[in-house]
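User: Please take me through this model step by step. Keep the answers short and show the reasoning.

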Amino acid sequence: MNSRCPFFTKMHPLVLLIYILGILIVTMSSLNPLLLSLSLISGIAVLVFLKGRKAKLVHIIFFSIPILIFMILIQPLFYHTGQTVLFYVNESAVYKENYIYGGIVSLMLIAGVVWCMVLRELLDSEKIYYLFGKLSPTLGLFFTMILRFIPLMRERLEQIHEGEISMGRIGPNAGHIATIRNRLKEVSILVGWSLESSIETANSMESRGYGLKGRTSYNRFNFKGLDIGLIILESLALVYMIAVLVTKGFRVYYLPVIILNKWDIFNILGLIVFASFALLPIIQEIIYKIWEAMNND
Amino acid sequence: MTDNFNTEINRNNDENNIIEFKNFSFSYSGSDRLALEDINLKVFEGTINLVIGKSGSGKTSLLKMLKTSLMPAGKYSGTVSFKGQEISQMDLRSQTENIGFVSQNPDNQIVTDTVWHELAFGLENLGLDNSSIRSRVAEMAEYFGISSWYEKKTNTLSGGQKQLVNLASVMVTRPKVLLLDEPTAQLDPVASKRFLDQIVSLNRDLGTSIIMIEHNLENVFEWADTVFALDSSKLIYAGNKDGLITRLNELNSELKMSLPKPVLVYEKLSGKTDKITIPQVRRWINNEFVDMPDNIRKNVEKLLEDSEAEADNTLKNTENKADKKCPIISIKNLSFSYKDSNKDVISNLNLDINEGEITAILGGNAAGKSTLLKLITKVYKAKTGKIKYMKDKRLIALPQNPLTIFTEVSLEEELAEAIMSNPALYKGLSLEEKKQIVEDSLKSMGLLFARKMHPYDLSGGEAQKLALAKVLLMKPDILLLDEPTKGLDVFFKEELAKRLEGLVKSEKMTILLVTHDLEWAANHANSCALLFDKNIASRDKVRKFFSGNMFFTTSVNRIMSDLFKNCIKLSDVDKINNLSKDW
């Protein structure tokens with residue numbers, strides 16, 4: 001039950017937006033192996049937490065493979081700097097550092113994609129509409145109209161296709177070219193039909209007052225105390241992490257020589273902040289559960 | 001004193017009338033013909049007003065004059081006013097707040113992806129703040145009973161639900177006048193009754209004035225306060241229901257056909273117009289014919305039976321001559337379920353379709369009618385069971401929505417395309433001959449006047465005819481139709497019926513159709529099958545099929561069934577009327 005509807009997803013969209021953008025910014029602007037590993041692990045943890053049994057981790061492996069192949073296997077062959085020579089290709093050296101660098105960049109990209117999957121889980125169309133709508137009501141409306149028309153078009157195309165079959169215009173044994181030609185015709189019918197019906201849609205919009213000045217953008221979200229608290233907390237954490245990043249606390253050099261950063265309280269604390277920031281949905285759920293249990297007693 | 005009294009009444013009238021047309025005429029730009037000619041009418045506050053008329057009589061144009069955003073380009077004269085203010089002078093805001101509009105197609109009016117957002121759309125436009133939108137939307141959702149699917153995506157709703165959302169999303173801006181342009185044309189009977197009931201209660205609860213174009217009057221006529229009848233751009237009647245029939249009789253107008261059946265039955269038998277609903281007329285008939293001796297009644301029933309049997313016999317004779325015993329389509333133990341579910345939509349269905357007949361498949365919503373049709377046309381593959389077709393018979397289905405088949409820019413080219421894409425059927429014909437075929441086809445459908453027009457510019461009925469013409473050029477032996485009468489008015493329905501009956505007679509075509517339209521099936525099909533619970537529940541010749549049903553039958557039958565079990569059509573009432581005169 002709770003895996004389907006975690007408490008965190010019910011937070012105000014702004015809380016979710018700061019959370020996900022914060023993580024993406026920090027992850028994408030660092031090449032620190034520890035930080036990236038932490039990001040990937042907590043990303044997967046949060047994804048599993050949000051999706052429950054429906055989480056398909058196999059997908060992560062699927063999209064990781066091409067990234068890994070490109071970054072680790074291919075890229076070093078064309079990029080020639082480093083210290084430790086492994087072998088020569090066409091009289092050019094291939095260096096170990098390059099492989100390590102490729103590996104770290106892949107780690108960053110994979111973590112980024114995992115977080116994007118989390119983003120998709122966290123921000124449904126209503127929340128995205130709200131965030132767009134805050135930017136500009138027209139943009140928000142545009143977004144929700146697209147979401148309306150995609151399934152409508154799909155439905156219509158299916159109707160057209162079924163019509164073509166039942167009129168006997170395409171047989172089951174039609175060749176490829178004939179099939180493609182027919183599909184194109186179906187699309188052209190769809191375009192005509194949709195243009196025609198969009199006139200009626202425009203009428204319906206205008207007769208409900210679309211085009212008046214001062215359009216607002218309705219949303220069903222309320223700022224609660226908890227939301228404000230979380231936003232403050234998130235902002236503080238984010239400011240601290242960015243401070244560490246800016247002061248090069250996480251900075252690691254790979255090419256041509258690997259230079260690791262020195263660990264001090266300042267950046268170790270940064271890592272801890274990052275981990276707790278990334279695991280915020282889970283931590284919040286645990287606190288919520290404990291609080292609930294205490295209140296029940 | 002009397003003068004004072006009169007002015008008092010006049011003033012009251014003026015206060016009460018919310019919409020007024022004064023000497024109003026209109027012609028579309030580029031056309032000399034007046035689409036509306038010298039219209040004078042008043043709509044009073046809080047009333048339900050019906051606009052009736054054949055297609056092309058100016059009904060929709062009349063409605064469009066009440067909303068600036070809908071006003072077509074053209075020449076205007078005279079005035080249309082809302083509460084004394086000319087409509088064209090009203091700004092968009094006061095238009096939105098005062099006049100709501102719901103049109104025919106449920107899909108085309110929806111703008112956003114979720115129900116809650118659709119409801120909020122109008123209020124967003126008016127620039128209301130979040131909390132007022134919330135309370136207004138909640139109120140409307142509650143009133144229309146849509147709070148349980150408030151969260152849903154709009155594309156997952158049924159047609160009836162979509163139309164309710166459209167209505168609710170117009171009502172959130174609290175208009176004083178609601179304009180409805182054939183709002184139930186695309187809905188099935190259950191959904192359209194639900195929708196119309198909602199309209200009536202809107203009027204009763206909120207006092208919203210309703211102006212509605214509707215061609216199925218069965219469910220609304222009794223609630224209407226005023227009827228406006230239009231005929232070729234002119235207002236031929238404006239007033240209450242009682243006067244309407246007298247006026248239509250006076251003019252000998254075809255429009256009478258579109259009145260609800262109980263009104264017509266009562267008028268045929270009594271010559272009066274004061275009873276209009278099924279229960280009223282039914283009670284009256286039971287009293288009127290109570291003295292009729294049983295044997296005469298039996299005779300009447302027999303007569304009705306015989307008239308059909310005769311036609312049947314001639315049919316059988318021709319069948320015997322050709323010695324065709326086997327059905328043209330034979331369905332055996334057919335089962336089907338959608339890929340993603342184990343639930344059967346159709347299970348173990350058996351059905352034979354006879355050659356040279358019109359067979360109607362009836363059934364409620366989601367009974368699997370369209371699925372069955374798609375199985376026959378091989379759009380879907382059966383899970384188990386077989387469909388056998390007679391050899392060398394071309395089977396062609398006409399899609400439900402004519403817009404799904406139009407590809408060309410004019411009617412002529414549309415039909416020519418059908419010929420060009422079936423070269424095998426038109427081998428060895430010269431271009432001239434082909435042109436002649438197109439010409440004849442347009443003529444037979446009565447569409448010659450529109451030959452250069454774009455197919456999209458046709459009215460619903462005309463588009464349906466064009467689609468039929470196009471399909472007929474593919475020379476089907478078996479023609480399948482999915483809800484062919486959907487959205488058509490009485491006159492187009494009759495025309496369609498004549499066309500189809502003609503095809504059966506002259507070209508021995510076999511026609512299979514699924515429909516919700518019991519009246520049409522009763523009048524024009526040869527046999528009917530009822531699809532219920534994934535299977536054919538009953539199958540019979542039309543009269544037998546409907547006789548004795550209490551609910552699932554024509555309204556004539558519902559009126560007459562206490563006394564005459566097998567009276568199902570209006571023409572049967574005529575026969576009874578003639579006989580009862582003798583008696």
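**Chain contacts and helix packing**

User: How many residues of chain B are in contact with the 42 residues of chain A?

Analyst: This is a predicted model: local features need pLDDT of at least 70, side-chain atom pairs count only at pLDDT 80 or more, and totals for chains, interfaces and linings use all residues. Residues are numbered from 1 along each chain as its sequence is written, while chains are lettered from A and ligands numbered from 1 in the order in which they are written. Two residues are in contact if their C-beta atoms, placed from the backbone, lie within 7 Å. The residues of chain B in contact with those 42 of chain A number 51.

User: Which helices of chain A each supply at least two residues of the side that touches chain B?

Analyst: Helices (H or I, at least four residues) and strands (E, at least two) are DSSP runs, numbered from the N terminus. The helices of chain A that each supply at least two residues are α5 (125-135), α6 (137-166) and α7 (176-207).

User: How many residues on the side of chain A that touches chain B are charged?

Analyst: Ala, Val, Leu, Ile, Met, Phe, Trp, Tyr, Cys and Pro count as nonpolar, Asp, Glu, Lys and Arg as charged, and the others, Gly among them, as polar. That side of chain A has 13 nonpolar and 18 polar residues, and the charged ones number eleven.

User: Are α5(A) and α6(A) roughly parallel or antiparallel?

Analyst: Axes are lines fitted to C-alpha atoms, for helices over the stretch in contact, and angles run from 0 to 180 degrees between N-to-C directions. The axes of α5(A) and α6(A) come within 5 Å and cross at roughly 150°. Angles under 35 degrees count as roughly parallel, over 145 as roughly antiparallel, 65 to 115 as roughly perpendicular, and the rest as oblique. So α5(A) and α6(A) are roughly antiparallel.

User: How many residues of the contact of α5(A) with α6(A) are nonpolar?

Analyst: α5(A) brings residues including A:Ile128, A:Tyr129 and A:Phe132, and α6(A) brings residues including A:Leu139, A:Phe143 and A:Leu147. The contact has no charged and four polar residues, and its nonpolar ones number eight.

**Two helices of chain A**

User: How far apart are the end C-alpha atoms of α8(A)?

Analyst: The expected span is 1.5 Å times one less than the number of residues. Helix α8 (225-246) of chain A has 22 residues, so it should span 32 Å; the end C-alpha atoms agree with that, being apart by 31 Å.

User: Within what arc do the buried residues of α8(A) fall?

Analyst: A residue is buried if 20 or more other C-beta atoms, placed from the backbone, lie within 10 Å of its own, exposed if 12 or fewer, and partly exposed in between. In α8(A), A:Leu230, A:Glu234, A:Ala237, A:Leu238, A:Met241 and A:Val244 are buried. They line one face of the helix, because their arc is 115°. The arc is taken over the directions from the helix axis to the C-beta atoms, and for α8(A) the value is 115°.

User: Which helices are included in what covers the buried residues of α8(A)?

Analyst: The other side of α8(A) carries exposed residues, among them A:Ile232, A:Leu236 and A:Val239. The cover over the buried residues of α8(A) includes two helices of chain A, α1 (13-28) and α9 (265-278).

User: What arc do the buried residues of α9(A) cover?

Analyst: α9(A) has 14 residues and reaches 20 Å, close to the 20 Å expected. Its buried residues are A:Asn267, A:Gly270, A:Phe274, A:Phe277 and A:Ala278. They sit on the same side of α9(A), because around the axis they cover only 90°.

**Single residues**

User: What is the phi of B:Asn252?

Analyst: Most residues other than glycine have a negative phi. B:Asn252 is in the loop between α9 (241-251) and α10 (261-270) of chain B. It counts as exposed, with 7 C-beta neighbours inside 10 Å. Its phi is positive, near 55°.

User: Is B:Lys162 buried or exposed?

Analyst: B:Lys162 is in helix α7 (159-171) of chain B. Beyond its neighbours within four places in sequence, its contacts include B:Asp107 and B:Ile110. With 24 C-beta neighbours inside 10 Å, B:Lys162 counts as buried.

User: Which residues does A:Phe49 contact, leaving aside its neighbours within four places in sequence?

Analyst: A:Phe49 is in helix α2 of chain A. It is buried, with 20 other C-beta atoms within 10 Å. Its contacts outside those neighbours are A:Pro6, A:Pro281 and A:Ile282.
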